[in-house]
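Please open the structure in your viewer and keep the selection tool at hand, since each stop below asks you to pick something out and look at what surrounds it.

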6 protein chains.
Amino acid sequence: MRPSKRPSDEMRKVTLERGVARYAEGSCLVKFGDTHVFCTASLEERAPPWLRGQGRGWVTAEYSMLPRATLERTRREVNSGKPSGRTHEIQRLIGRSLRAVVDLPALGERQISVDCDVLQADGGTRTAAITGAWVALHDCIAWMKARSIVSGQPLKDHVAAVSCGIHQGVAVLDLDYAEDSTAETDANFVITGTGGIVEVQGTAEGKPFSEAELIELLRLAKLGTGKLVDLQKMAVT
Amino acid sequence: MRPSKRPSDEMRKVTLERGVARYAEGSCLVKFGDTHVFCTASLEERAPPWLRGQGRGWVTAEYSMLPRATLERTRREVNSGKPSGRTHEIQRLIGRSLRAVVDLPALGERQISVDCDVLQADGGTRTAAITGAWVALHDCIAWMKARSIVSGQPLKDHVAAVSCGIHQGVAVLDLDYAEDSTAETDANFVITGTGGIVEVQGTAEGKPFSEAELIELLRLAKLGTGKLVDLQKMAVT
Amino acid sequence: MRPSKRPSDEMRKVTLERGVARYAEGSCLVKFGDTHVFCTASLEERAPPWLRGQGRGWVTAEYSMLPRATLERTRREVNSGKPSGRTHEIQRLIGRSLRAVVDLPALGERQISVDCDVLQADGGTRTAAITGAWVALHDCIAWMKARSIVSGQPLKDHVAAVSCGIHQGVAVLDLDYAEDSTAETDANFVITGTGGIVEVQGTAEGKPFSEAELIELLRLAKLGTGKLVDLQKMAVT
Amino acid sequence: MRPSKRPSDEMRKVTLERGVARYAEGSCLVKFGDTHVFCTASLEERAPPWLRGQGRGWVTAEYSMLPRATLERTRREVNSGKPSGRTHEIQRLIGRSLRAVVDLPALGERQISVDCDVLQADGGTRTAAITGAWVALHDCIAWMKARSIVSGQPLKDHVAAVSCGIHQGVAVLDLDYAEDSTAETDANFVITGTGGIVEVQGTAEGKPFSEAELIELLRLAKLGTGKLVDLQKMAVT
Amino acid sequence: MRPSKRPSDEMRKVTLERGVARYAEGSCLVKFGDTHVFCTASLEERAPPWLRGQGRGWVTAEYSMLPRATLERTRREVNSGKPSGRTHEIQRLIGRSLRAVVDLPALGERQISVDCDVLQADGGTRTAAITGAWVALHDCIAWMKARSIVSGQPLKDHVAAVSCGIHQGVAVLDLDYAEDSTAETDANFVITGTGGIVEVQGTAEGKPFSEAELIELLRLAKLGTGKLVDLQKMAVT
Amino acid sequence: MRPSKRPSDEMRKVTLERGVARYAEGSCLVKFGDTHVFCTASLEERAPPWLRGQGRGWVTAEYSMLPRATLERTRREVNSGKPSGRTHEIQRLIGRSLRAVVDLPALGERQISVDCDVLQADGGTRTAAITGAWVALHDCIAWMKARSIVSGQPLKDHVAAVSCGIHQGVAVLDLDYAEDSTAETDANFVITGTGGIVEVQGTAEGKPFSEAELIELLRLAKLGTGKLVDLQKMAVT
């Protein structure tokens with residue numbers, strides 16, 4: 001039995017609330033149960049320096065947690081002078097995931113910066129962030145299209161993410177903090193609306209896992225991201 | 001006429017929403033119009049090292065803005081390696097303001113850390129932060145009292161803050177961004193529930209101001225903080 | 001009785017010695033009793049990047065203390081990698097105070113950097129710094145006028161500063177360290193030669209202060225800065 | 001056809017040279033073709049602070065590249081003040097991979113620090129590093145056993161790593177730089193001597209990949225790490 | 001002919017003024033012509049952590065230049081986050097030079113921190129600093145002896161320093177900035193009161209120098225430091 | 001008797017192995033006994049910004065030690081955020097030494113960056129680095145000449161370096177770590193192929209040294225660098 005009593009293939013309640021930031025071109029407050037992430041997408045006319053003159057745009061992401069998003073207060077990273085290794089890993093992952101579904105040349109020489117700030121953390125913050133960031137990105141691109149800054153459809157597909165894991169020997173979908181901290185294996189999957197895999201990151205925390213287990217985790221992830229994409233579709237209609 | 005059409009002594013709509021953070025001992029989302037600050041108060045059993053053995057506690061504050069709280073996206077301070085001078089000034093001000101109404105020995109050798117994260121900024125973020133932080137602090141101390149961690153009443157009074165300024169020659173209450181960026185004089189007042197002045201910071205941005213103007217700004221500030229204290233009272237009942 | 005036996009409205013002995021730095025365009029060693037600040041004004045042909053093309057100049061200030069300016073040796077800020085919050089606050093205050101009396105467009109696209117290095121600290125270093133910095137700035141602008149780099153009178157007025165406070169219930173002028181560290185309220189006032197208020201910063205260290213007390217502190221400050229401006233006039237004649 | 005003319009399931013020539021550092025308890029110079037990594041394992045009697053009193057040890061890793069390991073000279077990270085996000089990711093991966101095959105309580109309260117310094121880089125530096133680091137770690141533990149610092153067998157299994165990818169539509173084993181920089185999908189696998197998966201990290205650089213492709217990449221990886229484990233066995237005999 | 005018209009073996013006018021800092025245990029303002037260095041010696045009861053329990057003390061030094069000590073204003077090192085390589089070199093040299101004449105066990109487990117802050121720089125700041133620092137150190141130790149904190153004579157000898165160089169083919173003593181910036185060879189010598197060499201640092205800026213030239217520079221340095229030691233003796237009597 | 005049993009004027013076995021880095025324009029692995037330094041020379045078409053438009057090139061150097069080059073593991077400098085003072089001193093010395101034998105205008109507006117990474121350290125790493133760096137630099141310039149990037153002979157002479165010291169009262173050549181850590185005096189000499197002195201750095205660790213001792217150390221250094229230059233000549237033929 002999972003700590004949350006959920007069946008092994010059931011996600012937490014997920015909501016996607018658009019338009020939560022007055023000034024951002026796109027924004028979304030995503031909740032996976034008690035995990036809440038505030039996502040904004042900001043259009044910046046300047047592309048990053050290394051991209052200039054190449055005729056294409058860029059999508060980047062930054063991630064942070066409020067100090068008291070967590071059970072115990074966490075020290076702000078600004079006070080240690082730099083983002084932690086964990087923060088770097090997560091924001092690189094979010095950026096890669098979003099770029100996988102964007103036609104970068106169609107953006108022109110512009111950058112969209114997506115900020116994911118965790119207001120409350122109960123496990124799965126990076127996967128919630130990717131899922132909500134897609135909505136913010138969608139609305140930013142819609143804003144650009146409405147103003148004829150871009151034409152065509154620079155956003156090629158949906159992308160959503162979910163964590164799966166092996167908890168007390170059982171493969172389960174969408175781990176909360178209670179499961180995540182005791183799971184034997186933890187894996188994050190980033191999957192597009194058409195079912196293509198963008199990223200898989202599986203780590204054995206305790207004993208190594210088998211090929212069969214990896215395949216079972218992937219099956220759950222496809223189930224979960226399918227539902228998340230349905231919610232994204234409803235949110236942006 | 002003010003850009004917002006408000007009379008010179010009228011504040012923006014202010015709301016104080018308690019209990020917005022699941023894990024914090026106290027929390028408050030404060031809104032002064034389009035300025036929104038997410039405040040949490042965290043009890044930490046460890047007092048800061050320089051206080052140990054002195055038989056009293058401490059209240060400290062940290063302040064930050066989400067990158068897209070503002071009209072244009074602002075770079076995260078963690079990426080420049082340190083909090084800016086402005087951030088330092090503001091968080092020191094919030095901390096001093098709260099400590100002015102706390103009986104520090106009554107806390108015992110503990111620290112309460114108040115985090116003020118600006119979700120949206122339309123001027124007056126520091127004064128909104130102080131006003132909301134008081135509610136979070138109140139609830140944190142109530143949590144401690146309910147668990148007999150402290151006894152008596154360590155919170156001695158209310159404290160609230162508001163900005164006033166001289167805009168196009170007229171003294172006005174509670175500046176929004178449109179006024180703040182063009183005001184000749186800008187002043188922040190921190191005032192207790194019993195009307196004592198905890199802090200006054202007045203700065204001439206353009207031409208110097210007179211003693212009469214300072215007194216008129218103080219009159220408006222007392223009016224404004226009086227209303228804010230009333231709202232705090234309603235919020236915590 | 002004040003620790004220094006001074007009457008409540010008496011400043012320490014103040015001296016302003018010009019021309020103390022061989023290479024700087026303007027310089028002044030200011031002493032408020034045992035507080036000694038070495039001020040230089042440096043003309044820099046490059047304006048700061050954010051100002052370019054705007055047809056006006058800038059005046060900025062930096063502040064630092066020698067490690068053994070104080071009773072106990074203080075660690076150099078360079079060894080902690082960044083200026084402290086206190087340093088940031090003070091140097092921003094000095095810069096704002098000087099800019100309040102300078103006609104920035106008349107400077108042309110140039111910057112004057114004023115450095116205030118505290119050789120010895122006995123309270124009131126920021127107010128002494130502002131008072132001495134004005135003399136260094138005056139001489140730098142005189143140097144520019146003598147070389148026809150600027151014309152007219154870019155320096156519009158005097159500016160001087162003094163701290164006042166409530167010590168053992170009595171409002172007193174020009175606090176030294178012994179008073180400053182035990183005062184109930186501490187306030188810094190920056191006032192021009194024509195009596196306009198540029199900045200007021202009042203802080204209750206213990207119990208809040210009243211409007212009447214604020215007005216009494218302002219009266220003392222006007223008295224003190226009046227005398228400081230007289231000394232500046234004598235110094236630059 | 002691969003740029004290197006290798007069949008799709010052929011690794012580069014791999015060598016593992018032990019004892020390359022005079023002072024380290026264990027060391028290995030690992031070469032995967034033109035990728036050369038210098039690995040040392042250092043026994044440190046002090047465990048990290050957060051582990052004290054828990055009766056178990058720790059294995060950690062650090063990774064760096066010499067500036068001219070690469071085709072173009074790369075700036076040293078010490079000059080930008082901190083390890084990059086990429087460096088953080090890699091050294092966390094190496095550490096996790098090694099800890100997966102170590103019985104940490106059997107080490108006692110000690111730390112083994114494994115340093116992986118890339119002398120020359122032609123793709124696959126992190127997988128070469130893990131494979132060579134295991135040899136250095138093995139020799140460090142053997143050194144400890146020879147001195148009765150530990151007893152039993154704290155090293156539970158082999159661990160090796162290899163990168164696979166989809167290059168011009170074909171799944172290939174052990175990418176060199178020419179392939180890595182143009183592959184559609186790049187995946188790193190860390191696998192134990194008994195075939196358990198410790199870590200899988202697959203990323204679509206261009207179009208998303210399918211479940212069938214992931215399974216094919218895993219098949220190649222098992223083939224490759226099987227050979228690497230054989231080489232480790234020969235090296236340490 | 002030297003730019004300053006001095007004969008090749010003539011130093012600039014040197015003065016050593018004691019007691020320039022009210023709070024420091026020892027202090028000296030040293031002037032070598034237009035090079036002015038403010039030196040303080042601070043007794044700290046805490047020895048550095050790595051020395052604890054070894055029954056001896058330590059003497060350390062820090063060096064800094066005020067921004068406008070130089071012809072053009074120099075950026076403060078605190079703003080680039082760390083002392084420069086040049087600063088590190090100089091402060092290590094000053095510390096080594098002073099320790100060469102101190103009986104460290106006789107100090108007990110205490111540290112004397114010597115701060116050398118350059119108020120004005122016209123070449124030779126490090127040699128002036130060493131010469132003045134000795135006076136500050138002497139007075140600090142005298143202060144300790146007067147309070148019976150140490151007994152005997154922890155200060156074993158004098159130490160002084162001077163720069164020599166080859167300028168337009170001629171060996172000259174005590175280079176000022178005009179010579180220093182065009183000299184072919186620049187050498188700093190640190191020599192004790194009894195004529196022992198503590199440090200020699202000779203650098204060819206242009207063409208390499210010969211053994212004969214090195215010996216001639218050393219002869220001049222002995223002449224110069226002999227005079228400096230005489231001045232130190234007069235200063236501390 | 002020296003710890004290594006070498007006669008006082010005998011160097012350790014020295015080898016210079018060229019072409020050790022596949023991508024660098026020049027490279028050399030230099031060994032002075034158990035001190036091993038990996039040197040690469042990298043041609044960079046961009047000169048440093050401060051040199052632009054001056055019609056000459058630059059040679060710079062960076063120095064680092066692998067963490068386990070030493071008997072005990074040393075913390076990486078990247079983790080303390082900046083190169084240490086010692087690293088700064090050494091890399092400035094290597095750069096100055098190389099520039100002393102290069103015709104900088106003949107390079108054109110280009111920079112050669114020489115990296116010296118210590119794989120193993122048994123004393124004398126900076127002198128070994130200079131000696132090996134010359135070979136890497138030579139090969140880089142030969143590479144440039146072969147491609148007609150430069151003409152003539154930008155490399156004017158050889159340069160090599162060795163440490164000498166006074167150990168148990170005896171002047172000895174080429175100190176290893178055992179001697180270096182107990183020597184009374186330690187001196188590094190950088191000398192050209194034609195016997196000119198580029199740099200001398202002598203430091204008394206214990207008691208000061210005399211002029212006669214300095215001359216004896218210089219005699220040994222000339223002997224040693226003469227042999228090193230012979231080895232360089234053999235290496236590059």
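Begin by selecting Ile215(B), which lies in helix 5 (residues 211-236) of chain B, and bear in mind throughout the tour that the model is predicted. Is Ile215(B) buried, partly exposed or exposed? Its relative accessible area is 30%, which falls between the 20% limit for buried and the 50% limit for exposed, and Ile215(B) is therefore partly exposed. If you leave out residues up to four places away in sequence, Ile215(B) touches Glu211(C) and Ile215(C), so show chain C as well when you look at this residue.

Staying in chain B, select Ala24(B), which sits in the loop between strand 1 (14-18) and strand 2 (26-32) of that chain. Ala24(B) counts as buried because its relative accessibility is 12%, and buried means under 20%. Which residues are in contact with Ala24(B), once its neighbours within four places in sequence are left aside? They are Arg68(A), Thr40(B) and Ala41(B). You can also draw a distance from the C-alpha atom of Ala24(B) to that of Asp176(B), which is 152 residues away along the chain, and the separation will be 29 Å.

Next, turn to helix 5 (residues 211-236) of chain E and helix 5 (residues 211-236) of chain F, and colour the two helices separately. Their axes are 12 Å apart and they pack at an angle of about 160°, which makes helix 5 of chain E roughly antiparallel to helix 5 of chain F, and their crossing is right-handed. To see where they meet, select Glu211(E), Leu214(E), Ile215(E), Leu218(E) and Lys222(E) on one side, and Glu211(F), Leu214(F), Ile215(F), Leu218(F) and Lys222(F) on the other. Sorted by class, the residues of this contact are 6 nonpolar and 4 charged, with no polar ones.

Keep helix 5 of chain E on its own for a moment: with 26 residues, it reaches 37 Å from its first C-alpha to its last, close to the 38 Å expected at 1.5 Å a residue. Among its buried residues are Leu214(E), Leu218(E), Ala221(E), Thr225(E), Leu228(E) and Gln232(E). As you follow them, recall that an α-helix has 3.6 residues a turn, so residues three or four places apart point the same way.

Now move to chain D and select helix 3 (residues 125-146) together with helix 5 (residues 211-236), which pack at an angle of about 30° with their axes 10 Å apart. Helix 3 of chain D and helix 5 of chain D are therefore roughly parallel to each other, and helix 3 of chain D passes helix 5 of chain D in a right-handed crossing. Helix 3 of chain D contributes Thr131(D), Trp134(D), Val135(D), His138(D) and Asp139(D) to the contact, while helix 5 of chain D contributes Leu228(D), Gln232(D) and Val236(D). These residues divide into 4 nonpolar, 3 polar and 1 charged.

For the last helix, select helix 3 (residues 125-146) of chain F, whose 22 residues reach 31 Å from the first C-alpha to the last, close to the 32 Å expected at 1.5 Å a residue. This helix of chain F is mostly covered, with 18 of its 22 residues buried, and it is followed by Ser148(F), whose phi is positive, near 60°.

Finally, display whole chains: chain A and chain E do not touch, with their nearest C-alpha atoms 11 Å apart, and chain A and chain F do not touch either, with their nearest C-alpha atoms 10 Å apart.

Notes: Residues are numbered from 1 along each chain as its sequence is written. Chains are lettered from A and ligands numbered from 1 in the order in which they are written. This is a predicted model: local features need pLDDT of at least 70, side-chain atom pairs count only at pLDDT 80 or more; totals for chains, interfaces and linings use all residues. Side-chain values use heavy atoms; hydrogens and water are left out. Helices (H or I, at least four residues) and strands (E, at least two) are DSSP runs, numbered from the N terminus. The expected span of a helix is 1.5 Å times one less than its number of residues. Buried means under 20% relative accessible area, exposed over 50%, partly exposed in between (1.4 Å probe, protein chains only). Axes are lines fitted to C-alpha atoms, for helices over the stretch in contact, and angles run from 0 to 180 degrees between N-to-C directions. Angles under 35 degrees count as roughly parallel, over 145 as roughly antiparallel, 65 to 115 as roughly perpendicular and the rest as oblique. A crossing is left-handed if the near helix is turned anticlockwise from the far one by less than a right angle, and right-handed if clockwise. Contact means heavy atoms within 4.5 Å. Ala, Val, Leu, Ile, Met, Phe, Trp, Tyr, Cys and Pro count as nonpolar, Asp, Glu, Lys and Arg as charged, and the others, Gly among them, as polar.
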